[in-house]
Amino acid sequence: MTEEKRVLAFDFGASSGRAVVGTFDGRTIHMEEVHRFANDPVMVRGTMYWDVLRLFHEIKQGMTKAYLSGPVASIGIDTWGVDFGMLDQRGNLLENPVHYRDRRTTGMVEEVFHHIPREELYGITGNQIMPINTLFQLFSLKQQRPEVLERAKTILFMPDLLNYFLSGVRSAEYSIASTSQMLDAKQKCWSKRILEALALPDCILPELIPTGTRIGTLDTALCKELGLGPAEVIAVAGHDTQSAMAAVPTEQQEFLFLSCGTWSLLGTELAEPVINEASERANITNEGGYGGKASFLKNIIGLWLIQECRRQWMREGHEYSFGELEQMARVAEPFQSFIHPDAPEFVPSGNMPERIRDYCRRTGQPVPESVGAVVRCIDESLAMRYHQAAVELEECLDRTYPRLHMIGGGIQSQLLCQMTADACGKEVLAGPVEATVLGNIALQLLSVGAIESLREARRIIRDSESIQAYQPQEAERWQEEYQRWEAVTSC
């Protein structure tokens, strides 16, 4: 009989985090959430920060609770991409990491292009050009606060920083590093050309390590403080998208997936990055994944729109659940108004319902006044954007995909899943909901030798989870409305 293996996964999203124990009995993975906590940004004198020390406190709480039912073999952490913390010469944190939605990168993309052309930057990194990317954040530091950058001995991306707090090891896991716009996608190393063009110090970038590396063990003092036994610290796919990618429950080597959460990421897994004129024109990104593979995908603003609307309605005294919002959207009149989800005005936090109404006024559409109408406008617009991204990706690769694997928290909205199938004209296979955590757990099990291959891990996940199929309906109507969406959003 296979020995049972327990590992502990920490999954940090843009608004919350959780600690989940994964138990593998040789056939299926069982998950138990032992701790959940808020991850709220903190605004201080005009700068938006992540409260990273509070997050590390929550990691300690999660470890303590996990150990109540027995030791774990390993610990792995995944987070969002691009953000980082800075350490001084003594290894102390200089300041809390700044949130990617902070306004410090305003205008930085254009400034960077004065030093290195857009085409060359994309040609080296294969990264979608986005103001939130690490490169533009670092360049803003150099321009606005050079004294802070001069004091930095090392920068660590968020999962690497938390791994450092656990183990004392400084490194840059491959998948999270590939979100930075500083990595040479083909050579799989830091780009000297980019760093020299912007006069950024390469000495502050840590050593790159492959996804799934066993980087060390829990710090002895930390174990003593919490009364815990030893455990290995594993650099799983630190970027949550790549952890989710590992959990796509497919036997096919070629597949299309949509990771649907605060951000939506639609793409596929390839042996090597694809960087050409078509991918640059479509602004499609290449990220690194497990086994050195490339994820060819499109970043799309996702459930952030609904999450931020919900926060506004709560400020106004209406605490709607996500289920209630879906029901109101379901009975709202279809195809009344559209937005482009990635329009710049929807990126910052604030009064999202009013911004959506302003967008509709400006584009000469009916203004969604009710809560249900606003949510339906978001859902339909997201589904249209998914279709557009799928078409762009298929054109770049010169192939089509008959189905779409939809994973992540967004699949809890059956309405959005059906709309996605309708808009894309593809069968949607929805599940698992907890793809990121499952991928984190699976990569730990691969690293400790409990699972032999990524293909086996995906089979185990498929056997452990239920998958729901959605068939496209009213395809002709959705295609007609897609033409109108394109016309409205190209204004």
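## Aromatic contacts and a seven-stranded sheet

Trp50 counts as buried, because its relative accessibility is 0% (buried means under 20% relative accessible area, exposed over 50%, partly exposed in between, with a 1.4 Å probe and protein chains only). Keep in mind that this is a predicted model, where local features need pLDDT of at least 70, side-chain atom pairs count only at pLDDT 80 or more, and totals for chains, interfaces and linings use all residues. Residues are numbered from 1 along each chain as its sequence is written, and side-chain values use heavy atoms, with hydrogens and water left out.

Tyr100 is buried too, at 5% relative accessible area, and so is Trp263, at 19%. Together with Trp80, these three residues, Trp50, Tyr100 and Trp263, make up one aromatic cluster. Rings of Phe, Tyr and Trp (its six-membered ring) pair if their centres lie within 6.5 Å; planes under 30 degrees apart are stacked, over 60 edge-to-face, the rest tilted. Eleven such pairs turn up in the structure, including these two:

| Pair | Centre to centre | Angle between planes | Type |
|---|---|---|---|
| Trp50 and Tyr100 | 6.3 Å | 45° | tilted |
| Tyr100 and Trp263 | 6.3 Å | 55° | tilted |

The Tyr100–Trp263 pair links distant parts of the chain, 163 residues apart, with Trp263 sitting in strand 16 (residues 263-270). Strands here are DSSP runs (E, at least two residues), numbered from the N terminus.

Strand 16 also belongs to an open, mixed sheet of seven strands, ordered 17-18-16-15-19-20-21; two strands pair if DSSP finds at least two bridges between them. Its edges are strand 17 (285-288) and strand 21 (468-470).

Terms used: Helix = DSSP H or I, 4+ residues; strand = E, 2+ residues; numbered from the N terminus.
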